[in-house]
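Open the model in a viewer and keep the sequence panel visible. The tour goes from one selection to the next and says what is found at each stop.

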Amino acid sequence: AFEAVELAPPDVIFEITAAYDADQSTNKVNLGVGAYRDDSGKPWVLPVVKKADAILRDDKSLDHEYLPIAGLPSFTEASARLAFGGDSVAIKEHRIASLQSISGTGANHLGALFMSKFYKDGKTPCYLSNPTWANHKQIWNNVSVPLFDYPYFHTKTRGLDIDGLLSAMESAADGSIFLLHGCAHNPTGVDPTQDQWVKIADVMERKRHFPFLDVAYQGFASGDLDKDGWAIQYFVERGFELIVCQSYAKNFGLYGERVGCFHFVSKNAETAKKIKSQIEILQRSEISNPPAYGARIVSTVLNDKALFNEWYLESYAFEFRYRCQNLREMSHRIIDMRQKLFNHFQKLGTPGTWNHITDQIGMFSFTGLNGLQVKKLRAEFHIYMTQNGRISMAGLNSSNVEYFAKAVDQVIRE
Ligand code: LMR
């Protein structure tokens with residue numbers, strides 16, 4: 001009965017990891033999946049995560065019982081404070097329904113599923129940025145909501161196509177869903193400025209569009225949690241009802257533990273309560289209860305002043321302080337790599353302009369390399385990246401950045 005099932009293509013991101021792992025070359029470079037690597041190219045367990053892990057191991061009161069369906073309360077509450085700010089009026093007014101999720105993907109899925117069931121007739125279109133994270137399309141296709149693209153990336157300027165974006169919002173049917181990346185846009189590394197966010201909010205408010213914010217990189221884009229959370233907090237201040245999808249894969253390096261949080265900000269406490277009760281049913285039918293370990297790690301750090309400061313300290317006076325702050329160590333190493341890569345291109349006189357490498361932010365850079373050049377880099381230089389020319393900056397380090405720059409220089413000149 002299943003002979004007609006078609007063979008699906010491999011995942012565009014995880015196929016790269018598999019091909020890279022199988023490559024025997026000692027020069028190989030993986031710029032595919034967005035996962036942080038230290039300067040020797042190794043995965044990095046955050047020192048603060050190691051400390052939290054030791055605390056949990058010593059805690060004799062912990063067991064392996066189920067978490068509540070909505071997740072660990074100390075985790076979801078701290079997550080809301082992180083996303084919306086400690087003084088958030090929406091938190092004070094109990095207007096936010098927060099549920100622990102299977103990382104950002106799970107949060108996106110819960111949101112998509114909820115919207116398909118409870119937003120108008122379930123057929124309201126959802127608009128995704130062009131380009132966007134490959135998984136967004138699959139997640140929304142699973143819930144059968146009509147999908148459209150909105151222009152985002154300007155290929156000439158390699159910056160934001162704000163005019164295209166705003167006019168797509170203008171011409172979309174009133175009340176459409178717009179999936180926006182709250183910070184560190186994946187794959188382009190191009191974010192709206194605060195002024196542009198204001199314009200986006202103006203149109204969305206007038207058109208009564210629904211903001212669906214995916215925030216997988218808070219603190220990772222600029223190294224500043226508030227700056228990276230600005231768009232979320234601004235939309236809440238403007239009075240929007242909205243969804244926020246939070247991931248702790250990148251900013252805590254907890255990729256495989258699948259730690260995330262889903263938030264629905266509604267108009268009042270009563271609505272938030274009803275929404276939460278419905279999402280709990282969706283959660284129960286799919287995963288029953290979220291996994292405990294990663295949420296306990298994050299909760300331990302976010303709820304302890306000393307550990308929190310080790311992960312992230314708002315103001316820092318001395319160089320040595322930021323050196324030992326885990327979040328800053330990651331974001332600054334990436335910023336440093338952007339500069340080094342740019343310098344190499346300058347030195348080599350690589351054709352084209354390269355300032356987008358340092359202008360773009362977060363984990364990724366949209367290099368502008370075309371499909372053929374990407375193929376050549378893989379075949380001739382053992383350099384792996386997604387077909388659309390996105391590179392994960394975290395895959396670059398002091399030992400391979402020059403090799404990468406020279407390889408790119410060569411394929412561009414061919
Ligand atoms: C990426 O875009 O590389 C990451 O977000 C990992 C993933 O799940 O695709």
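A residue is called buried here if 20 or more other C-beta atoms lie within 10 Å of its own, and exposed if there are 12 or fewer. The model is a predicted one.

**Stop 1: helix H17**

Select residues 371-381, which form helix H17, and colour Val374, Leu377 and Arg378, its buried residues. Seen down the axis of H17, these buried residues fall within an arc of 90°, so they line one face of the helix. An α-helix has 3.6 residues a turn, so residues three or four places apart point the same way. Now turn to the face of H17 that points away from the buried side: Leu372, Ala379 and Glu380 are exposed there. To see what covers the buried residues of H17, add strand S12 (383-384) and helix H18 (401-413), which are among the covering elements. His382 follows H17, and its phi is positive, near 60°.

**Stop 2: helices H7 and H8**

Next select H7 (residues 162-171) together with H8 (residues 194-207); their axes come within 9 Å and cross at roughly 10°. H7 and H8 are therefore roughly parallel to each other. Which residues of H7 meet H8? They are Ile162, Leu166, Met169 and Glu170, and on the side of H8 they meet Gln196, Lys199, Val203, Met204 and Lys207. Sorted by class, this contact of H7 with H8 holds five nonpolar, one polar and three charged residues.

Stay on H7 and pick out Leu165, Ala168 and Met169, which are buried. They cover an arc of only 100° around the axis, which puts them on the same side of H7. Asp163, Glu170 and Ser171 are exposed on the other side of H7. The cover over the buried residues of H7 includes strands S3 (126-130), S4 (147-151) and S7 (177-181), as well as H8.

**Stop 3: Tyr234**

Move to helix H10 (residues 230-237) and select Tyr234 within it. Tyr234 counts as partly exposed because it has 15 C-beta neighbours inside 10 Å. Leaving aside neighbours within four places in sequence, Tyr234 is in contact with Trp197 and Ala201. Add Phe84 to the selection: Tyr234 and Phe84 are 150 residues apart along the chain, while their C-alpha atoms are separated by 9.2 Å.

**Stop 4: helices H2 and H12**

Select H2 (residues 47-58) and H12 (residues 293-302), which pack at an angle of about 105° with their axes 9 Å apart. That angle makes H2 roughly perpendicular to H12. H2 makes the contact through Val48, Val49, Ala52, Asp53, Ile55 and Leu56, and H12 through Arg296, Ile297, Thr300 and Val301. The residues of this contact divide into seven nonpolar, one polar and two charged.

Gly294 is also in helix H12. Is Gly294 buried or exposed? Gly294 is buried, because 25 other C-beta atoms lie within 10 Å. Outside its neighbours within four places in sequence, Gly294 is in contact with Tyr248, Leu254, Glu257, Arg258 and Val259. Tyr255 lies 39 residues from Gly294 in sequence and 9.5 Å from it in space, C-alpha to C-alpha.

**Stop 5: the ligand**

Finally, select the ligand and the residues around it: Ile13, Val33, Gly34, Trp133, Asn135 and Asn186. This shell has three nonpolar, three polar and no charged residues.

Terms used. Residues numbered from 1 in each chain as written. Predicted model: local features only at pLDDT ≥ 70, side-chain atom pairs only at ≥ 80, totals over all residues. Helix = DSSP H or I, 4+ residues; strand = E, 2+ residues; numbered from the N terminus. Arc of directions from axis to C-beta. Contact = placed C-beta atoms within 7 Å. Near = placed C-beta within 6 Å. Nonpolar A, V, L, I, M, F, W, Y, C, P; charged D, E, K, R; others polar. Axes fitted to C-alpha atoms, helices over the stretch in contact; angles between N-to-C directions. Parallel < 35°, antiparallel > 145°, perpendicular 65-115°, else oblique.
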